[in-house]
Every structure is written in structure tokens, then in C-alpha cells.
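Open the model in a viewer and keep a selection tool at hand. The stops below each give something to select, followed by what is there.

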Amino acid sequence: MEDKDYMQLAINLAKKGGRNAAPNPMVGSVIVYEDKIIGQGYHQKCGEAHAEVNAVNSVEDKSLLPHATIYVSLEPCAHYGKTPPCADLIVKSKFKRCVIACTDPFSEVSGKGIQRIKDAGIETTVGVLENEALELNKRFFTYHQKQRPYVILKWAQSKDGFMDIDRSENQKGVYWITQPETKKVVHQWRAEEQAILVGWKTIANDNASLTVREVQGENPVRFIIDPQLSIPKTAQIFLDGVPTIIYTQKENTNLPSHIALKQLDNISVEAILKDLYERKMLSVFIEGGAYTLQAFIASRLWDEARILTGDTSLIKGQPAPRIKGKTVSKTHLGKDEIHILYKEENR
């Protein structure tokens, strides 16, 4: 096996950390001696041992470490956080070689871990499967480089470009554009992000709960834009006990304990992202409605869009947002199309 094969194993291990690693990055590590894997590990939960520690601890015969190569999907940390620096552990273990996928943008680490390992005389290679490693931790990198969470926009639309029926007659209730099977995919997407955000009309019209009830996983923290506190108190979000923050300009002390208000003088995309950043939310999943989605598109403060197109036409209704970006994938799930695109930075 080559460096890239072992690094791919490290990246696959890192993915197991998922949201549990946040606000830390997902990191995996593999230790190889004479083309045989003798240790491996990943960062399982924030505050617990890092990937390199778990990998070293898994090695039965520590005397092999000075003759082994350690593969790490992200630059080993060089600072004291909740755990000691992993770069020091690599130096102390006297590894023959260290292979790193990409550098860490976090200012306390960036380049310092690599330099410490090199200064100890350990042969160091950086950039193996770099793009794959950058993709893996795109939320973490965006958070530290842009001082905001990674923003994912999602909506469902009909074949003729509408995301909801005409509600001029004050109709309530969900109008499902996509097939029931697609709901499970969306709930899996929710489970992968720390926060979920919608405008108040999405709650008022659909009585949405924004949970992951169709899959195993942790609910994202709910954030709702409701400047005038217009959501009816009979809505599911007031009854289910799931932690929720409402962005508003009003005061109200007569709310359930799981509902918190965040008063903002100016409820803007920038103000919301600043608050999410301060709460250490690495990512936010924005599910509507049209006004909220369009506000993020217009501000260009988004990173990824996931558009579900159902096999139905509405003729009239709420037009779906218009967006331009780089197509990453187009796949089909039954009759539905899933289109994922990234924002192009130079647009």
C-alpha cells in the first residue's frame, strides 16, 4: 500500500467522529510498521483523547514506534487545550516518519505542529490526500478562516420551480413535494450539522419540528427567525422540549424552559452568523422559507446548497430561490433528484 492508501484509512476513521468531535475537527490516524498497520485511532469526542493518542495507545509493542510511520489526516496540534499537544507525543514516540494530509488553519496550530515534528528530525510529508482532508473538515476550516459557521442551504422544489403551494387563502400544513423516502435523507443531513435555522413562517405554515426522528442521531439546535414573536404557542416547537433559540426584537418571559430568546436590534444574515459563531456552531443547516434562503443567497454568505426536485408540478405558488454555483453532484432517489452545489468564490 502507498501513502495515499493509508491516509484514506485515516480519513475514513476520522469520519466516525462526526458531530461528536465538534467544535474540534474530525481527525483520524494510522500507524504503519513494515507495511503492516499496528495502530489506529480517531478523535471520538471533544474533550477526549485526540486521534494520535488513541492510535499510539492501540499499539501493543511500543518499541516499534521509532521504526514506524504515523499518518494523520490533519496537522497535529502544538498547543495545550483540553489535552496535551499531539506534536509532542509524536516527537516523544520518536517516529521514523510522519505523513500529514493538510495543515490546520487554527491560529494556535497552523504550521507549528509540523515545524515541531521536523525540528525533532522526523521525516515529514505534508499534502497527501489534501483535498479530501480539506473536504472532510470544511466546517472547521470555514469556522476558523471566515469566523462564521459553514452554511448549507436546503429546499425542495417542484419540476416547474415552486417550493410551496399558493397559501393566499391562509392554508396550513405541509405540502410534500418530494417522496416520503427522501425525508430520511433530509433527517440524516440534519443529524450531521450542529444548528438548523428557519424563518417563522416555516413553523407557522408547516408546524415543523426540525428534528432527526427518521434516523438515529442527535437533533441540531433549532434557531428560528421571528422578529415579532408571531409563531402560535400551539406549535410543536413549544411543546416538544427540544432546545430552541428564537431571534427576535421582542421580549417575552412566558415561554417554556427549552425556548430562549436572542434579541437583535437588526436581524440580518451577518448578525445571525456572528451569534452562531460565538456559540461555537461550526455549521448551520438552513431549511427555509424562501425569504430566509434568498437573504443568505443575496448576501453570498453561504457555502453549499442542496436542492431536492420532486416529480410534480404546482403551476403556481411560492417560487423557489434562484442560485448559481458549482455542481458537485446530481443523483436520483426514486423519482426525486438531489442536486448539490458549492458557492464559487470568484463569482
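At what angle do helix α3 (residues 86-93) and helix α4 (residues 112-119) pack? In this predicted model, the angle is about 15 degrees, and the axes lie 9 Å apart. An angle under 35 degrees counts as roughly parallel, so α3 is roughly parallel to α4. The crossing of the two is right-handed. Select A87, D88, I90 and V91 on the α3 side and G113, R116 and I117 on the α4 side to see the residues that meet. By class, four residues of this contact are nonpolar, one is polar and two are charged.

**Whole chain**

Zoom out. The chain has 347 residues, of which 51% count as buried. Its secondary structure consists of 10 helices and 16 strands. Along the principal axes, the C-alpha atoms fill a box of roughly 75 × 45 × 35 Å. Of the contacts with a sequence separation of 6 or more, 68% join residues 24 or more positions apart.

**Two nonpolar cores**

Next, select M7, I31 and F95. These residues have the most contacts inside the largest nonpolar core, which has 45 residues. Helix α1 (residues 3-15) contributes the most to this core, with six residues. Centre the view on I31: beyond four places in sequence, I31 touches partners including I37, A55, V59, L65, I70 and F95. Another core, of 28 residues, lies apart from the largest one, with M163, Y247, L273 and M281 among its members.

**A second helix pair**

L273 leads to the next stop, since L273 is one of the α9 residues in the contact with α10. Select helix α9 (residues 269-278) together with helix α10 (residues 290-299); their axes are 10 Å apart and the packing angle is about 90 degrees. The two helices are therefore roughly perpendicular to each other. V269, E270 and L273 make the contact from α9, and A295, F296 and S299 make it from α10. The classes here are four nonpolar residues, one polar and one charged.

**Helix α6 and the residue after it**

Select residues 138-146, which form helix α6; K138, R139, F140, F141, T142 and Y143 are buried there. The buried residues of α6 pack against α5 (130-136), α9 and four strands by name: β6 (150-157), β12, β13 (304-309) and β16 (336-342). Step just past the end of α6 to Q147, where phi is positive, about 50 degrees.

**Two cis peptide bonds**

Most residues other than glycine have a negative phi, and most peptide bonds are trans. Which residues does a cis peptide bond with omega of about 5 degrees join? They are A22 and P23. P23 sits in the loop between α1 and β1 (28-33) and, at 27% relative accessibility, counts as partly exposed. Apart from neighbours within four places in sequence, P23 is in contact with C46, F140, K280 and L282. Measure from the C-alpha of P23 to that of V151: the separation is 15 Å in space and 128 residues in sequence.

The peptide bond from G288 to G289 is also cis, with omega near -5 degrees. G288 lies in strand β12 (residues 283-288), whereas G289 is in the loop between β12 and α10. G288 is buried, with a relative accessible area of 0%. Show the surroundings of G288 to find K154, L197, V198, G199, T202 and L293, its contacts beyond four places in sequence. The C-alpha atoms of G288 and K201 are 8.7 Å apart, with their positions 87 residues apart in sequence.

**Positive phi in two loops**

Go to N207, in the loop between α8 (200-206) and β9 (221-225). Phi of N207 is near 50 degrees, a positive value in a residue other than glycine. N207 counts as partly exposed, at 37% relative accessibility. R300, in the loop between α10 and β13, has a positive phi of about 60 degrees. R300 counts as partly exposed, at 29%.

**Last stop: H258**

Is H258 buried or exposed? H258 is buried, with a relative accessible area of 15%, under the cut-off of 20%. H258 lies in the loop between β10 (244-248) and β11 (259-263). With neighbours within four places in sequence left aside, its contacts include R222, F238, D240, V242 and T244.

Definitions and conventions
Residues are numbered from 1 along each chain as its sequence is written. This is a predicted model: local features need pLDDT of at least 70, side-chain atom pairs count only at pLDDT 80 or more; totals for chains, interfaces and linings use all residues. Side-chain values use heavy atoms; hydrogens and water are left out. A nonpolar core is a set of buried Ala, Val, Leu, Ile, Met, Phe, Trp, Tyr and Cys residues joined through side-chain atoms within 4.5 Å. Buried means under 20% relative accessible area, exposed over 50%, partly exposed in between (1.4 Å probe, protein chains only). Contact means heavy atoms within 4.5 Å. Axes are lines fitted to C-alpha atoms, for helices over the stretch in contact, and angles run from 0 to 180 degrees between N-to-C directions. Angles under 35 degrees count as roughly parallel, over 145 as roughly antiparallel, 65 to 115 as roughly perpendicular and the rest as oblique. Ala, Val, Leu, Ile, Met, Phe, Trp, Tyr, Cys and Pro count as nonpolar, Asp, Glu, Lys and Arg as charged, and the others, Gly among them, as polar. A crossing is left-handed if the near helix is turned anticlockwise from the far one by less than a right angle, and right-handed if clockwise.
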